[in-house]
Amino acid sequence: MTDVPRPNVRIHPTADVSPKAILGEGTSVWNQAQIRENAKLGKTCVVSKNVYIDFDVVIGDNCKIQNNCSIYHGATLGNGVFVGPHCIITNDRFPRAVNADGSAKGNADWTVSKTRVDDGAALGAGTILVCGITVGAWAMTGSGSVVTHDVPPHGLVMGNPARLHSFVCKCGNKLQLVSQVTDGAAMSCPTCKNQTIIPKNDFEKLV
Ligand SMILES: CC(C)(COP(=O)(O)OP(=O)(O)OC[C@H]1O[C@@H](n2cnc3c(N)ncnc32)[C@H](O)[C@@H]1OP(=O)(O)O)[C@@H](O)C(=O)NCCC(=O)NCCS
Ligand SMILES: [Zn+2]
């Protein structure tokens, strides 16, 4: 029995969802996914096959978590975040199974580094977020990225280590530079024609 109401939530019979996890209205959880205690998911999320969502993880509304992702304790996802297949959001920057004396580490023997993925951001397939970073709103990571630093809003990073190669529109297409303005760069989307201002500090991080 669940401790919390779950209106219109679909949970596949093979999924393992803690009764203490909170799932927003209209969220779907597919085969063999595991959602741990006190994880909190918003409305209309999709948690695909074989996903692992650790205890206390916070996920906003309208997020899509694709097959085989692992999202560990300390992670927070905003609204509308896309997590491509086989992504990992880590939480222990210097991992060890044991203490220096060889004894098994317990819950108190390690430090959790928090990681955020802000509204609208998308992680390409197989992205690994090294913990303690923020992926900004509407940013995107290329498939196979190992992300070791913060990604600015709208930033497109790729590679290992991931570097900032471009900026992307809310619609997902790459932005083109229109003009430099006093405090940044005016960029335009060739597909949807929307303009986005990228702050100077972020624009200067392009490789
Ligand atoms: C990162 C991405 C958005 C770039 O798209 P793009 O700008 O159209 O890229 P291009 O194909 O023009 O490639 C530009 C350069 O980046 C390289 N590149 C492209 N994707 C890359 C990636 N993921 N990692 C490293 N390098 C990449 C290309 O090899 C190319 O370099 P080259 O000119 O030296 O050959 C896209 O390749 C990507 O990885 N998308 C995510 C797909 C995904 O995982 N979807 C998840 C749902 S299944
Ligand atoms: Zn666009």
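**Exercise 1. Place A75 in the strand pairing of this predicted model.**

Which residue stands opposite A75 in β15?

Solution. A75 faces T115, a residue of β15. The strand pair behind this position is β12, covering residues 75-77, and β15, covering residues 115-117. The two run in the parallel sense and are joined over 3 bridges.

**Exercise 2. Find the edges of the sheet.**

Which strands stand at the edges, each with a single partner strand?

Solution. Start from the strand order, which reads β3-β6-β9-β12-β15-β18. This is an open sheet of 6 strands, paired in parallel. The edges are β3 (22-23) and β18 (134-135); each has a single partner strand, so one side of each lacks a neighbour in the sheet. In total the protein contains 25 strands and 1 helix.

**Exercise 3. Compare the radius of gyration with the globule rule.**

What radius of gyration would a compact globule of 207 residues have, and what does the protein have?

Solution. For 207 residues, the expected value for a compact globule is near 17 Å. The protein has 18 Å, and therefore agrees with the rule. Next, take the extents: the C-alpha trace spans about 55 × 50 × 25 Å along its principal axes. Finally, 34% of the 207 residues count as buried.

**Exercise 4. Describe the shell of ligand 1.**

How many nonpolar, polar and charged residues are in the shell around ligand 1?

Solution. List the surrounding residues: G84, P85, G124, A125, G142, S143, G144, M158, G159 and K174. Sorting the shell by class gives 6 polar, 3 nonpolar and 1 charged residues. Glycine is counted as polar here.

Key:
Residues are numbered from 1 along each chain as its sequence is written. Chains are lettered from A and ligands numbered from 1 in the order in which they are written. This is a predicted model: local features need pLDDT of at least 70, side-chain atom pairs count only at pLDDT 80 or more; totals for chains, interfaces and linings use all residues. Helices (H or I, at least four residues) and strands (E, at least two) are DSSP runs, numbered from the N terminus. The radius of gyration is taken over C-alpha atoms; the globule rule is 2.2 Å times the number of residues to the power 0.38. A residue is buried if 20 or more other C-beta atoms lie within 10 Å of its own, exposed if 12 or fewer, and partly exposed in between; C-beta atoms are placed from the backbone. A residue is near a molecule or strand if its C-beta atom, placed from the backbone, lies within 6 Å of it. Two strands pair if DSSP finds at least two bridges between them.
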